[in-house]
Amino acid sequence: MNVIMKGALAAGALIIIAAGLRAGLRESEGTATASAPPATRSEQKRTLTIAAASDLKFALDELLEEFRAKQPGTEVQVTYGSSGNFLAQLSNGAPFDVFLSADVAYPRKLAEQGLVADEVFLYAVGRIVVWVPKGSPLHVEQRGMEALREPAARRIAIANPQHAPYGRAAEAAMKSLGVYDALKDKLVLGENIAQTAQFVQSGAADAGVIALALALAPAMKERGSYWEVPLEAYPRMEQGGAILKKAKDPELARQFRDYLLGTEGNALLKRYGFSLVKE
């Protein structure tokens, strides 16, 4: 029986705050106060809120540092979580400007509901790996998923397949590689792929099937080893996004989308293990 482990993952939002406009009143001796001239659009603080799949945590954090440098005076707030849960929230009016999903099917469903501005876009193809902490007796680099049959693999973390695309990919790969029946009673389910990685990194699980993007992140790269699951073992994970119709600043949302899909954004995503859509 699968066990759903619910931890308090700090999936909390990344808030990047640039200095705001300082408006004031100027008084001169013996005269009435006068307000400062109205701020121009370029001087006003602009805001962007993003709902992003958890596999993007480290890559998007870095990309936003670069984006902010090119957009001074911009405040960006990111909430990381399960793409399926975001679909439900956005369908019910959650106030996000941009949705970056680990499965392009979710923003397409929002488009069918008439909630999306412009077209749904593809930004990357995700990959999964089997990850174990340093010193693990499980030799996944040599044996791949077969290593998970060993008694030392008592608990194996995957994301919840019901609402996390990476969980569905992990389950499909186990079935494709013929190990699912042997492993299904060992599975523990994370709420999203970031929590799944936390389970195995913290020792709550002995191994995990996680996003390659997380395995390559500084927080995990030097603390374990991994085996990349062959792409043919699970359905192609096309990751897509959309700008929501209710976006407060559609122009800023489009600027972010274009940066993500541009040369710099593509190079960063590739460095974090994502395949590019056209590859």
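1. A residue counts as buried when its relative accessible area is under 20%. D206 has a relative accessible area of 14%, so D206 is buried. Keep in mind that the structure is a predicted model.

2. D206 forms a salt bridge with R154, with N and O 3.4 Å apart. The two residues are 52 residues apart, and the pair links distant parts of the chain. D206 sits in the loop between α7 (193–202) and β12 (207–211), while R154 sits in the loop between α4 (140–143) and β10 (156–159). The partners fall into separate classes: D206 is buried, whereas R154, at 53% relative accessibility, is exposed.

3. A second pair is E251 and R46, whose closest N and O atoms are 4.0 Å apart in a salt bridge. E251 belongs to helix α10 (residues 250–261) and R46 to strand β5 (residues 46–53), so this salt bridge ties together parts that are 205 residues apart in sequence. E251 has 40% relative accessibility and is partly exposed; R46, at 15%, is buried.

4. Where do K175 and E171 lie? Both are in helix α5 (residues 165–176), four residues apart, which is about one turn of the helix. Their side chains meet in a salt bridge with an N to O distance of 4.0 Å. K175 is partly exposed, at 49% relative accessibility.

5. Some charged residues are joined in a network: salt bridges link D118, R254, R257 and D258. How many salt bridges does a search of the whole structure find? The search finds 17.

Notes:
Residues are numbered from 1 along each chain as its sequence is written. This is a predicted model: local features need pLDDT of at least 70, side-chain atom pairs count only at pLDDT 80 or more; totals for chains, interfaces and linings use all residues. Side-chain values use heavy atoms; hydrogens and water are left out. Buried means under 20% relative accessible area, exposed over 50%, partly exposed in between (1.4 Å probe, protein chains only).
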